[in-house]
Amino acid sequence: MHTLTFRGLQVLAFRGLHVLAFRGLHTLAFRGLHVFAFIGLPVLVFRGLHVLSFRGLHVLAFRGPHTHRFRGLDVLAFRGLHAQAFRGLHVLAFRGLHVLAFRGLLALTFRGLHVLEFRGLHVLAFRGLHALAFRGLHTLTFGGVHALTFKGLHVVTFRGLHILAFRGLHALAFRLLQVLAFRGLHVLAFRGLHVLAFRGLHAFAFRGLHVLAFRGLHILAFRGQHVLTFRGLHVLAFRGLHVLTFRGLHTLTFRGLHVLTYRGLHALAFRGLHILAFRGLLILSFRGLLALAFIGLHILSFRGLDVLAFRG
């Protein structure tokens, strides 16, 4: 078949099946449904589709014990949904897509998954959502994506994850968010990105992390935020960056860190900050920098440091 369409149904549910597979279709569309549920399926497979669209749904639910995979799709779009839930799955994988878009949703939740993977995508977009929550996941990976954007969201939370990895992305942008929180993570890694931008956030918090690493980035920018806090980290490392800028922040605090390192940077600039505080650190080192600038600061404090090193 070229096209398979489900239109105008009140409820469409796939329950208790062992395997549900949509293979070799060009277009699969679910439109105008009130409720669309994949419940209790051991295996759900979308393979070889060109376009898969969920439009105008009130509720879309993927619930079940095992694995849901979206492979080989060109476009996967979740648009105009009231609520969308990926719950109780072991593995949810979005692989090899050209475009994956979550748009106009009121709430999008990824709960109770063991592994959530976004790999090999050209564009991954979370736009116009009120709330986006990644809760209770063991591992969340964004790998090999060309562009990843979080735009116009009110709240984005990464809670209870063991590992959150952004690897091999060309661009990662968090824009116009009210609150962005990374809480309770063991490891948060931004590796191999060309550009990482945190713009227009009201509050940005890295709390309770053991290790936070920004490695191999060309540009890392924190702009237009009111408050930026790095609290309770054991190690915070900015390594191999070309440019690192903190601009337009009211307050920037590094509290309770054991080690803070700026290594191999070409330029490091703290501009337009009202307060910059390095408190409770054991070691603060600036190594191999070509340029280091503290511009327009009202207060600069280095309190409780054991070692402050400017090297190279």
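Gly8 lies in the loop that links strand S1 (3-7) and strand S2 (11-15). The model is predicted. Gly8 counts as exposed, because its relative accessibility is 65% and the exposed class begins over 50%. Beyond residues up to four places away in sequence, Gly8 touches Arg31 and Gly32. Gly8 and Gly32 are 24 residues apart along the chain, and their C-alpha atoms are separated by 4.9 Å.

**Thr261**

Thr261 is placed in strand S33, which covers residues 259-263. Is Thr261 buried or exposed? Thr261 is buried, since its relative accessibility is 3% and the limit for buried is under 20%. With neighbours within four places in sequence left aside, the contacts of Thr261 are Leu236, Ala237, Phe238, Arg239 and Ser285.

**Arg191**

Arg191 belongs to strand S24, residues 187-191. Which residues does Arg191 touch, not counting those up to four places away in sequence? They are Phe166, Arg167, Gly168 and Arg215. Arg191 counts as partly exposed at 32% relative accessibility. From Arg191 to Gly248 the C-alpha to C-alpha distance is 25 Å, with their positions 57 residues apart in sequence.

**Surface patches**

A positive patch on the surface is made up of Arg87, Arg111, Arg135, Arg159, Arg183, Arg207, Arg231 and Arg255. One of these residues, Arg159, sits in strand S20, which spans residues 155-159. Arg159 is partly exposed, and its relative accessible area is 34%. That value lets Arg159 qualify for a patch, because patch residues need over 30% relative accessible area.

A nonpolar patch is also present on the surface, formed by Leu292, Leu300, Phe302, Leu308 and Phe310. Together these five side chains' residues have about 400 Å² of accessible area. Which strands each supply at least two residues of the nonpolar patch? They are strand S38 (299-303) and strand S39 (307-311). Leu308 is a member of the nonpolar patch and is found in strand S39. Leu308 is partly exposed, with 37% relative accessible area, so it too passes the patch cut-off of over 30%.

**Accessibility of the residues discussed**

| Residue | Relative accessible area | Class |
|---|---|---|
| Gly8 | 65% | exposed |
| Arg159 | 34% | partly exposed |
| Arg191 | 32% | partly exposed |
| Thr261 | 3% | buried |
| Leu308 | 37% | partly exposed |

Key:
Residues numbered from 1 in each chain as written. Predicted model: local features only at pLDDT ≥ 70, side-chain atom pairs only at ≥ 80, totals over all residues. Heavy atoms only, no water. Patch = residues over 30% accessible without salt bridge, like charges linked within 9 Å, V, L, I, M, F, W, Y side chains within 5 Å. Areas by Shrake-Rupley, 256 points an atom, 1.4 Å probe, with all protein chains shown as cover. Salt bridge = Lys/Arg side-chain N within 4 Å of Asp/Glu carboxyl O. Lys, Arg positive; Asp, Glu negative; His and termini not counted. Charge placed at Lys NZ, Arg CZ, Asp CG, Glu CD. Helix = DSSP H or I, 4+ residues; strand = E, 2+ residues; numbered from the N terminus. Buried < 20%, exposed > 50% of the residue type's maximum accessible area, 1.4 Å probe, protein only. Contact = heavy atoms within 4.5 Å.
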